[in-house]
Amino acid sequence: MKKLTIFVFASLVGISCSTAQNNGAAKADGNSQPRVTIFGDSYSTFEGYIPSTHEPWYAPEGSQFCKAPNNDVTRVEQTWWWQVIDRIGGKLEVNNSWSGSTVGYYGYQNENYDYRSFNTRVAYLGEPDIILCCCGTNDSWTGEKCGEYKYANWTENDMWYFRPAMARLVSTIRTNYPTAELYIIVNSELKPEHTETMHTVARHYGVTSIQLHDIDKQQGHPSQKGMKAIADQVVSALK
C-alpha cells in the first residue's frame, strides 16, 4: 500500500509538472489570448457591448440609441478598441464605457456625475490582463478644475477636482488589478492642464500613458479614420 501511495503521488506530481510546462509553452508561443478590458467614455462605447445601464454614443445605423447621426462609425468592428483587440490576438474581457463620463464628479451644467464617474465604475473591470483606460475628455470639456496633486488620503470633496480624482483612479486600478498592464490613453485637443495632469499622474505610478495625435473627428468624436488612427497608435504602444 505504501508503494502504491508513493507511485500515485509521483504520478500526480508528474501530471502537474507536465501541465504547467504545457501552459508555459502555450504562453511562450503566444497561444494564450490576453483578456483586455476597455474602460472609457463615449469614444469607447458601442450599443450592445457595454452594460445596459450605460449610455452609448456609437450604435448601429438606425438605432434609437445612436447619439452620433453624423458620424460614419456604425459597426463595432470600426471602433478603435475592437481593432486593437483583434490585432493583438486578444479577447474582450469587459467594456465598461459610458458616454459623457468623467474621472471626477464635476459634470455638464454643474451636475454631479459621481454615479457615472470612472472612480465609481472602477470596481467592475473583470479579470483583465490588459486595461486600456481612455479617460479625461469630458473632464476637460466640462471645465472641471484641476486642483492640486494629491496621492493619498483622498476625500469625496477631492473628487470634484481632476488631479486628485485622476490619482485615486490610477491608484485604485493598480491596487485592484495588480497583475494587469494598465495604459492611460490621453485624447488629443484637450486643455493643456488636463493633458499634463494625466501624464504626470501616470508617471507617478509607473504607468504608460499614450498621447493621441492627428485623430480625425466628427462632432468631436473619432470617425472611421480617427478610430483607425487611435488603434494604430495604441497597438504601437502595446508592442
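Tutor: Let's start at Leu-169, keeping in mind that this is a predicted model. Leaving out residues up to four places away in sequence, Leu-169 touches Phe-39, Val-103, Phe-118, Asn-119, Val-122, Cys-133 and Cys-135.

Student: Which nonpolar core has Leu-169 among the residues with the most contacts inside it?

Tutor: The general idea is that in soluble globular proteins, nonpolar side chains tend to be buried together. Here, the largest nonpolar core has 29 residues, and Leu-169 is listed with Phe-39, Met-166 and Ile-184 as having the most contacts inside it. Strand E3 (130-135), helix H5 (162-176), strand E4 (181-186) and helix H6 (192-204) each give two or more residues to this core. The largest share, 7 residues, comes from H5. Another core lies apart from this one; it has 27 residues, including Trp-81, Cys-134, Ala-231 and Val-235.

Student: Now the sheet. What is the order of its strands, and is the pairing parallel or antiparallel?

Tutor: Strands of a sheet pair through backbone hydrogen bonds, and either sense is possible. In this model, 5 strands form an open sheet with parallel pairing, in the order E2-E1-E3-E4-E5. Strand E2 (91-97) and E5 are the edges, each pairing on one side only. On average, neighbouring strands are turned by 20° against each other, direction ignored.

Student: How many bridges join E3 to E4?

Tutor: There are 6, and the two strands run parallel. To find your place, look for Cys-135, whose bridge partner in E4 is Val-186. On to the next pair: E4 and strand E5 (residues 208-211) are parallel too, over 4 bridges. There, Ile-184 stands opposite Ser-209 in E5.

Student: Through which helix does the chain cross from E4 to E5?

Tutor: Through H6, and this β-α-β crossover is right-handed. H6 lies across E3, E4 and E5, at about 165° to E4. Helix H7 (residues 224-238) also lies across E3, E4 and E5, running at about 150° to E5.

Student: One last residue: is Ile-85 buried or exposed?

Tutor: For this you compare the relative accessible area with a cut-off, and buried means under 20%. Ile-85 counts as buried because its relative accessible area is 7%. You'll find Ile-85 in helix H2 (residues 80-87).

Student: What does Ile-85 touch, not counting residues up to four places away in sequence?

Tutor: Val-36, Ile-38, Gly-90, Lys-91 and Leu-92. Sequence separation and distance in space are worth reading side by side: Ile-85 and Arg-35 are 50 residues apart in sequence, with 8.9 Å from C-alpha to C-alpha.

Key: Residues numbered from 1 in each chain as written. Predicted model: local features only at pLDDT ≥ 70, side-chain atom pairs only at ≥ 80, totals over all residues. Heavy atoms only, no water. Core = buried A, V, L, I, M, F, W, Y, C linked by side-chain atoms within 4.5 Å. Buried < 20%, exposed > 50% of the residue type's maximum accessible area, 1.4 Å probe, protein only. Contact = heavy atoms within 4.5 Å. Pairing = 2+ DSSP bridges. Right-handed = clockwise from strand over helix to strand, strands pointing away. Axes fitted to C-alpha atoms, helices over the stretch in contact; angles between N-to-C directions.
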